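Dear colleague,

I am passing on the structure we spoke about, and below it you will find my notes on what turned up when I went through it. Please read them with the structure open beside you.

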Amino acid sequence: MSTTVEAQRAWFEQAIDQAQGDLPGQDLDWLQQTRAHARRAIETLPVPNRKSEEWRYTAIEGLLKNSFQTPAGEADAARVLEAGDWLEPDYPAYRVIIVNGRCIVDASQTAGLPEGATVGSLRAALATDPELLGTWFGQAAAHTDHLFTALNTALINDGIFLHLKPGVVLDRPVEVVYLSLGQEQAPLTQPRNLVVLEKGASATLVERFIGPGNALYFHNGVTELALREGAILKHCRVQDESRNAYHLSSLYLTQDRNSLYQGTTLAFGGAWARTDYQAVFKEEGARCELGGLYTVGDRQLIDFHLDVRHSVPDCSSREQFKGILYGKGRGVFDGRILVEKQAQHSDAHLSNDNLLLTENGEIDTKPQLEIYADDVKCSHGTTVGQIDPQQMFYLRSRGIDADAARRMLCLGFAGEVIEAIEVPELREYASQRLVATLNQSIQAAE
Amino acid sequence: MLSIKNLHVLIEDKAILKGLNLEIAAGEVHAVMGPNGSGKSTLSHVLAGREGYEITDGEVLFNGEDLLSLEPEQRARLGIFLGMQYPVELPGVNNMTFMRESLNAVRRGRGEAELDAVAFMKRVREKAKLVELDERLLKRSVNAGFSGGEKKRNEILQMAMLEPLLAILDETDSGLDIDALRVISGGVNALRSPERSIILITHYQRLLDYIQPDFVHVLVDGRIVRSGDKQLALELEKKGYGWIEEEAAA
C-alpha cells in the first residue's frame, strides 16, 4: 500500500521537477514563495484515494498510470490556426487562445478593449503588472488542501489575466479557448487564471476546452475569480476535450457585497473530467448561480464537486446540475452547501437531476446541506430517472419517430441549463452538441 | 375506414376487451359510452398504438391496412389522432416547436412538403383562434402548468393542425366547464367533413348535445352490447347503465 502511495507522490514530484526551467517571474518573491509553498504541500498532502469522501467515486489510478510532460515553450501559432474548425461557433468576442497551457498572442484578439480593462496572458502580466497580480494571486486558492491545485501552483506559468477597473463594463464576451494538441509525449497543460472584477464592473467570460482527435493529455487548470462589490460576471464553460483526455478544472470564487456570479458549465468530452467549484461569500447581499449539464457515455467519467460557503448573512445561491448518461457512462455529483452560524437569511437551493438512457449508466449523486444558522431558506433535491414512456407515447402518437422523440425530451430536460447561457451562439451550439451526442448514443445502442 | 373485428386485449394478464366489433365509415361520428372500467380508454390506446397492451385475438384494419402491426408514429402519419384524456406535460419542450415537428413529420409521411416557419405560424395562429387558446401558451412548454381546460384546447388545436382522417377523443369533455365544452365542441364540429371520422369516448350525454353523433355504442365489460342513434344516449342519461349491464349479463 505505502509503496503505491509513494509511487503516486513521486508522479507529482516528477511532474514538477521536469518543468522547472521555464517558469516566469523568478525575480518575484511572492511568486517564488507561493510556488515553494505548493511544492512543499506536494510532499505532505495526502494523495487522493477512494477512502477520502471527495475522491470516493473518482479514481486517479488511471490518470497516474500515464506519464505527462509539461511542453517547453510556446506552440507554433501557424500550427494552432491550422488545427481545425475548433473556433466554431464564431461570434464577436475578445479572444485569447491558450495552447497546451501557454497563451498564443499571435492567434489572440483583444484589440478595442475599453480603458481600464486588461485581458491577456498571465505570463505577460507578471512582467508588466506584478504588483496588481501579487495583490490578488493565490488569495482564493491559498489555503487549499487540493493536491492538484498545489501541482498547478508549484508550476505557475501562464494562463489568462482578466482585470476590470471599477465600473468597467465589457461590450463583448471574453472568450478563452484552451486548445490541447497531442504530441509524442502526452502534455500536462496547467493554465493558471486570475479574474478580478473591481467594484461595479461587469463582464461575460466564455471558456472552451478543446482537444482535437483522440489526443491524450492532462489539463489541470486553476482559476481564481474575485468579484468586488456589485460586480457581475457571467461565466460559461464548455468542456469539449478529446475522448482520451484527462481534465480537471478547479475554480475558486470569492464574492463581495451585492456581487453576482452566474456560471454554467457544459461537460461533454474527456475520458476523465472533473470540475471542482469552491465559492465563498465574503460580504452580504451576494448571489451565486451555478449551473451545469453533463452527458456521459462509454469510457467516460464526468464529475462535479461543489463547495459553496455561506459565511455571511443575506446571500443567495442556486445550484442546478443536470446529467444525461448513456452506454456505460459514469457520472459523479457532490454538491455541498455550508451555511455557517452567523449566515442568517441565507437562501440556498441545490438540485441535481439525472436521466439514464441505458441500463448500464451510473450516477453517484450526493447533495449535502450543512446548516448552522436558524433563519434560512434552503433546499436540496436529487433525482435519477429514465425517459418517461408516457411522454414518449405522446410524442410518437403525434407522428414523431422514437429517436426524434427521445432527442426532444432530452433537450427539454437540459433546456433550463442551456437557457441560462448568455451568448445565443453558445446556446445553439450546446443544443447541437447535445443532439450529436444523443445521436451517437442511439447509434451505439443499435 | 376503420374495421375492428373480434378484438381481445389483455393488460397484465387481465382481459379488458373481449371480442369487440366496430365498423366506422368515412365521415361518421361515433360515440362510445360505458361505465368505468368497461374498456373505453383501452380501446383508444390500442388504436393509437400505446405499449403495455397484449392483443390476443382479432384484427383492426384502417383503410385496409393492418393497424396493429404499425408503430404509433406510423399510425399518426396514416391519419389517426388520439386526443388524450390526460395529456402529459413535457417540461422544456416548446409547444410551438413540438407542433411544427409533429406537423412536418405527418406531412412527410403523407408525401407532402414541410411547412416553412411563416406558413406554419399563420396556420397555428388561425387554429389557435378556433379553439380560443391563449397564444402565449404556444410559447410555453407543452402542457406544463396548463389548466385542465387549456390542456384539452391544446389537444384540439393539435387535431386541427394535423387534420387526421380518424380522430379518437378520449373523454375530452371530462373536467371541462360549460364554456370550455362549447369552445372545444365548436373546434371539433369545425373539423367534421365527409372524409373525416370521429370516435367520441365519453361518460356523459352532455357532450353529445354539442357534437351530434351518427351512432352511439355502449361498451360493457369489453364488448359493445348495444348500438343505436342519439336516442340511446338520452336513454342512458335517464336510466343509467344498470339496465344494459343486466341485459348484457343475461
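B:Asp13 is exposed, because no more than 12 other C-beta atoms may lie within 10 Å of an exposed residue and B:Asp13 has 6. B:Asp13 sits in the loop between β1 (2-11) and β2 (14-24) of chain B, and its phi is near 70°, a positive value in a residue other than glycine. For context, most residues other than glycine have a negative phi. Please keep in mind throughout that this is a predicted model.

A second residue of this kind is B:Asn143, which is not a glycine and yet has a positive phi of about 65°. B:Asn143 belongs to the loop between β8 (141-142) and α5 of chain B, but is it buried or exposed? With 22 C-beta neighbours inside 10 Å, B:Asn143 counts as buried, since the cut-off for burial is 20 or more.

The helix that follows this loop, α5 (residues 148-162) of chain B, packs against α6 (residues 178-191) of chain B, their axes coming within 10 Å and crossing at roughly 10°. That angle makes α5(B) roughly parallel to α6(B). On the side of α5(B), the contact is made by B:Gly149, B:Lys152, B:Arg153, B:Ile156, B:Met159 and B:Ala160, and α6(B) contributes B:Ala180, B:Ile184, B:Gly187, B:Val188 and B:Leu191. By class, the residues of this contact comprise seven nonpolar, two polar and two charged.

Helix α8 (residues 230-239) of chain B has two sides that are worth looking at separately. B:Leu232, B:Ala233 and B:Leu236 are buried in α8(B), and because they cover an arc of only 100° around the axis, they lie on the same side of the helix. An α-helix has 3.6 residues a turn, so residues three or four places apart point the same way. On the other side of α8(B), B:Gln231 and B:Lys238 are exposed. The cover over the buried residues of α8(B) includes β3 (29-33), α7 (206-210), β11 and β12 (223-228) of chain B. After α8(B) comes B:Gly240, whose phi is also positive, near 75°.

One of those covering elements, strand β11 (residues 215-220) of chain B, contains B:Phe215. With 19 C-beta neighbours inside 10 Å, B:Phe215 counts as partly exposed, because burial would require 20 or more. Apart from its neighbours within four places in sequence, B:Phe215 is in contact with B:Glu28, B:His30, B:Ser227 and B:Asp229. By contrast, B:Phe215 and B:Ala76, which are 139 residues apart in sequence, are 24 Å apart in space, C-alpha to C-alpha.

Turning to chain A, I count ten helices and 20 strands. Its radius of gyration is 21 Å, close to the 22 Å that the globule rule gives for 446 residues, so chain A is as compact as a globular protein of that length. The C-alpha atoms of chain A fill a box of roughly 70 × 55 × 55 Å along the principal axes, and 52% of its 446 residues count as buried. Of the contacts in chain A with a separation of 6 or more, 85% are between residues 24 or more positions apart.

Finally, there is the interface, in which 19 residues of chain A are in contact with 20 residues of chain B. On the side of chain A, the elements that give two or more residues are α8 (389-396) and α9 (402-419), and α9(A) gives the most, with eight residues. That side of chain A has nine nonpolar, six polar and four charged residues.

With best wishes

Key. Residues are numbered from 1 along each chain as its sequence is written. Chains are lettered from A and ligands numbered from 1 in the order in which they are written. This is a predicted model: local features need pLDDT of at least 70, side-chain atom pairs count only at pLDDT 80 or more; totals for chains, interfaces and linings use all residues. Two residues are in contact if their C-beta atoms, placed from the backbone, lie within 7 Å. Helices (H or I, at least four residues) and strands (E, at least two) are DSSP runs, numbered from the N terminus. Ala, Val, Leu, Ile, Met, Phe, Trp, Tyr, Cys and Pro count as nonpolar, Asp, Glu, Lys and Arg as charged, and the others, Gly among them, as polar. Axes are lines fitted to C-alpha atoms, for helices over the stretch in contact, and angles run from 0 to 180 degrees between N-to-C directions. Angles under 35 degrees count as roughly parallel, over 145 as roughly antiparallel, 65 to 115 as roughly perpendicular and the rest as oblique. The radius of gyration is taken over C-alpha atoms; the globule rule is 2.2 Å times the number of residues to the power 0.38. The arc is that of the directions from the helix axis to the C-beta atoms.
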